[in-house]
Amino acid sequence: MKLKKIMAGVLSVATALSFAGCNSNDNPGNSSNSSNSSSSSSSSSTSSGNSTSDNSTSSTTVDNPIDNETQSVRDNFFDASKITDGLTLKVLTHRTDLCNDSQLLQEWTKEFEEKFNCKVEYQGFTKYSGDVTTMMSTDNYGDVLMIPDQVKLMDLSNFFEPLGDYATLNERYFWMDQKMYDNVVYGIPHMGAVSGGLCYNKRIWSEAGVTEIPKTPEDFVAALKKIKDQFDGEVIPYYTNFNTGWALAQIIDMSVAVSGNSNIQNDILTSKRDLFVEGEDYYNTMKLMFDIFKETDIHEEDPMTGDWEGSKPAINAGKIATMIMGSWAVSQFQEAGDNPQDIGYMPAPFTKDGKQYAQSTSDYALGINVHSDEAVKELGKAYIDWFVNDSPYISYNKGVSPVRGAEMPDYLEAFSDCEFFVAAPAPEGLVGVWDAINNDSEIGLYNDDAANFKIRMAEAAFKNDEATFKAIIDECNKKWAETRDANEDYNAYMATLS
């Protein structure tokens, strides 16, 4: 199915791409999103973009087929004459399941190695973002790597090689604003996804008598309870994957997606309102997590001993009914057992003005270590070109290709009643400010350290401690406001509005 087939009715409105239907960041499978530190990966970032009047989210060329003009972008991406024989390229990846376990990445790369007479060495990390960020305190952090979300946009040039100018690369690829600063692109997303959704076992939901996709948090929790009653302990209605840490970022990733607002982060900044406001999107998604986690009979008995790899075959077999994940997880769940047909993907249970929304987002972006040798850098560019355009990785993962005009996964047809959008980049003057506030305040929307607010909220939920939940909300809002009001770039931008 071509991108334009699923995105029929493209409307270019402001900087959002709305392709409507009818009515209604450090993990072994994807980014936090993956993502991006500013979502998606989610990441689903509105602020990690850069000021540009022609961004990848606003143009109706989103569904153009791959033509001679876009092909020329690829032809000029790297210079093969600069690549010498016998080079070794070290690639850092979050996909331990594909390089340490199945070694599929190594198998897929053999053709590339033969073409360039080189050797590609993969190093996988289960705590990718944190471990690689630590490695980046030296010059030795591989040659090609997924850009960690902790790297601020204005610091990209200190760590990563420029891959080209925004206007040129934007002709061929989506999401070129995600790892771009001052109109220079430093990373190309290795895959895209849909955020703001849930993976579920369709057979289990059907046998429990849930005939309609929930459109409110209350209906969603009620559906989980119905599954619990129907199967009486034989099926875990919702699996938290709490002990991974990163799984909670999949929930915060919903905040932008369900808002239906491509400018939500920019709006929060310019209105000077709190990050978490009761009744608004960032608050609502965390409250959904709290409400699910406090109901001890609808999630796993001991979330502290969860097993991410074990949850894959379990949801495939119908022992788990539901998990909040980006669409990147669909393929992993389908491949984990004998029942791929049972794995579905549904929109998040939030409705605004009678509609449900979802967001098209980029996952981790592939970048090149600026400290690598020049010939290795050129080989790295060739690798990124191959990985995004030719490798089986995206189709294997049933992901959304960053290449304009590429095939779309069929399972997204389940979102035909949703309105999709792509987040808008930050305006000139606010570029990188959201990320800076998020990092400098130490809130860490996509972080997974033990002191992170999401971890503490989840622990409070397990104890049904709503007072602590509210105290954490207040604490985060205080940190956010203080850091925002001390940010020089933010204050300079706001001065231009007065």
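Which residue follows α14, and what sign does its phi have? The residue is Gly-318, with a positive phi near 90°. That is one small detail of a predicted model, and the tour below starts with the whole chain before coming back to this helix.

**The chain as a whole**

Welcome to a chain of 498 residues, of which 61% are buried. Its fold is built with 21 helices and 19 strands. The accessible surface amounts to about 18300 Å², and carbon and sulfur atoms account for 45% of that area.

**Two helices and their surroundings**

Let us return to α14, which spans residues 308–317. Just ahead of the helix, Asp-307 caps the N-terminal end: one of its side-chain oxygens sits 3.3 Å from the backbone nitrogen of Glu-309. Within the helix, the buried residues are Trp-308, Ser-311, Lys-312, Ala-314, Ile-315 and Asn-316. They pack against a mixture of elements: the helices α3 (96–101) and α15 (329–334), together with the strands β13 (197–201), β15 (320–324) and β16 (343–347).

Helix α12 (residues 264–271) can be read in a similar way, with Ile-264, Gln-265, Asn-266, Ile-268 and Leu-269 as its buried residues. Here the packing partners are the helices α11 (254–259), α13 (281–294), α18 (433–440), α20 (466–486) and α21 (488–497). Just past the end of α12 comes Lys-272, whose phi is positive at about 60°.

**An open sheet with helices on it**

Next, look for an open sheet of 5 strands, ordered β6-β5-β7-β18-β11, with mixed pairing. The edge positions belong to β6 (119–124) and β11 (188–189); each has a single partner strand, so one side of each has no neighbour in the sheet. The partner of β11 is β18 (residues 365–368), and the two run antiparallel, joined over 2 bridges. In this pairing, Pro-189 stands opposite Ala-365 of β18.

Helix α16 (residues 374–389) packs on this sheet and touches β5, β6, β7 (144–146), β11 and β18, with its direction at about 165° to that of β18. Helix α4 (residues 104–116) lies across β5 (88–93) and β6, running at about 155° to β6.

**Aromatic rings**

A search of the whole structure turns up 31 aromatic pairs. Two of them are set out here.

| Pair | Centre to centre | Angle between planes | Arrangement |
|---|---|---|---|
| Phe-78 and Phe-116 | 5.9 Å | 70° | edge-to-face |
| Phe-293 and Phe-462 | 5.4 Å | 10° | stacked |

What does the pair of Phe-78 and Phe-116 tie together? Phe-78 belongs to the loop between α2 (68–75) and β5, while Phe-116 belongs to helix α4, so the pair links parts 38 residues apart in sequence. Phe-78 counts as buried at 18% relative accessibility, and Phe-116 does so at 12%, because the cut-off for buried is under 20%.

In the stacked pair, Phe-293 comes from helix α13 and Phe-462 from helix α19 (residues 453–462), so these rings connect parts that are 169 residues apart in sequence. Phe-293 is buried, with a relative accessible area of 1%, and Phe-462 is buried too, with 18%.

Finally, ring pairs join Phe-78 and Phe-116 into a cluster with Trp-108, Phe-112, Tyr-122, Tyr-383, Trp-386, Phe-387, Tyr-393 and Tyr-396.

Conventions. Residues numbered from 1 in each chain as written. Predicted model: local features only at pLDDT ≥ 70, side-chain atom pairs only at ≥ 80, totals over all residues. Heavy atoms only, no water. Buried < 20%, exposed > 50% of the residue type's maximum accessible area, 1.4 Å probe, protein only. Helix = DSSP H or I, 4+ residues; strand = E, 2+ residues; numbered from the N terminus. Contact = heavy atoms within 4.5 Å. Polar contact = N/O pair within 3.5 Å; in protein donor to acceptor, adjacent residues only side chain to side chain. Areas by Shrake-Rupley, 256 points an atom, 1.4 Å probe, with all protein chains shown as cover. Pairing = 2+ DSSP bridges. Axes fitted to C-alpha atoms, helices over the stretch in contact; angles between N-to-C directions. Phe/Tyr/Trp six-rings, centres within 6.5 Å; stacked < 30°, edge-to-face > 60°.
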